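Trainee: I should like to learn how to read the features of a model such as this one. May we take them one at a time, with the general idea before the case?

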Amino acid sequence: MDRIREVIVVEGRYDKNTVSQAVDASIVETEGFGIFSDSERLELLRRLGEKRGLIILTDSDSAGFLIRGHLKGRLNGIDVKMAYIPDVAGKEKRKRSPSKEGKLGVEGMPKAVILDALRRAGATFEGEETENAEGGLKKSDLYELGLTGSGGSAERRSDLLKSLGLPERMSANALLDVLNALYTRQEAYRIIESAAIQPASSTAQGSL
């Protein structure tokens, strides 16, 4: 089983059980929204983050993104990486009905999807070489590619997220982090082109 250096943060015990079957790692639960008022658990996450780094892996629904945003804000200055599962319609076997948004959570994801999400986040797998994304994409590149700040950019970004199997709620900044964790700048451009996301102007390709 692959071992990960960072501490993985999930919402609940069912998520923890699923992730523990995919990777060998330290996993801490937020107990859902309980983390909002749990100063001791938050301090534990800060201490763990300072020593080993954190990977936040929450559901792709609005609640998951709310918890993710809260932790990112409260853990300012800590090495925090964001892992995202794709939007998949369905319900977990233990539940009688789907969630409010009808999406599978972390607990319903297969092992391969969990591993892929962690790799996309830039997790440190023991025994594997890790590369620093030097010369990665910048916010200005997303603008030149028509993914931010222009007419239709939200739609183009949504199409790209779907093609990459990433959640629809992901922000442009989060998308930038994922692309730079996975690809060089050249590779990212090719990925975007293969997804039929056309740059806003020819100068974008020319700048490469």
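Trainee: Which exposure class does R3 fall into?

Mentor: Buried stands for under 20% relative accessible area, exposed for over 50%, and partly exposed for the range in between (1.4 Å probe, protein chains only). R3 has a relative accessible area of 32% and is therefore partly exposed. Please note that this is a predicted model, in which local features need pLDDT of at least 70 and side-chain atom pairs pLDDT 80 or more, while totals for chains, interfaces and linings use all residues. Numbering runs from 1 along each chain as its sequence is written, and side-chain values use heavy atoms, leaving out hydrogens and water.

Trainee: With which residue does R3 form a salt bridge?

Mentor: Side chains of opposite charge can pair when their charged atoms come close. The criterion for a salt bridge is a side-chain nitrogen of Lys or Arg within 4 Å of a carboxyl oxygen of Asp or Glu. R3 pairs in this way with E126, and their closest N and O atoms are 3.4 Å apart. Because R3 sits in the segment before β1 (7-10) and E126 in the loop between α4 and α5, the pair ties together parts 123 residues apart in sequence. Helices (H or I, at least four residues) and strands (E, at least two) are DSSP runs numbered from the N terminus.

Trainee: How many salt bridges does the whole structure contain?

Mentor: The search finds 13. In one of them, R41 meets E31, with the closest N and O atoms 3.0 Å apart. That pair links R41 in helix α2 (residues 39-52) to E31 in the loop between β2 (27-29) and α2, ten residues apart. E31 counts as exposed, at 51% relative accessibility.

Trainee: Which residues are joined into one network by salt bridges that share partners?

Mentor: Consider R169 and E101 to begin with, whose side chains meet at 3.5 Å, N to O. R169 lies in the loop between α6 (153-164) and α7 (172-182), and E101 in the loop between β4 and α4, 68 residues apart. Shared partners join D87, E101, K103, E168 and R169 into the network. K103 is buried, at 12% relative accessibility. Its contacts (heavy atoms within 4.5 Å) beyond four places in sequence include D87, E168 and R169.

Trainee: How is the aromatic pair of F33 and F36 classed?

Mentor: A pair of aromatic rings is described by the distance of the centres and the angle of the planes. Rings of Phe, Tyr and Trp (its six-membered ring) pair if their centres lie within 6.5 Å; planes under 30 degrees apart are stacked, over 60 edge-to-face, and the rest tilted. The structure holds two such pairs. In F33 and F36 the ring centres are 5.3 Å apart and the planes stand at 45°, so this pair is tilted. F33 is partly exposed at 44% relative accessibility, and F36 is likewise partly exposed at 33%.

Trainee: Where is L142 found, and is L142 buried or exposed?

Mentor: L142 is in helix α5 (residues 139-144) and is buried, at 2% relative accessibility. Beyond four places in sequence, L142 touches L137, L147, T148, A172, L176 and L179.

Trainee: Where is confidence lowest, and where is it highest?

Mentor: pLDDT is the predictor's confidence in each residue, from 0 to 100. The protein averages 87, and 90% of the residues score at least 70. The lowest mean, 41, belongs to helix α9 (residues 203-206), and the highest, 98, to strand β3 (residues 54-58). Over residues 199-208 pLDDT stays under 50.
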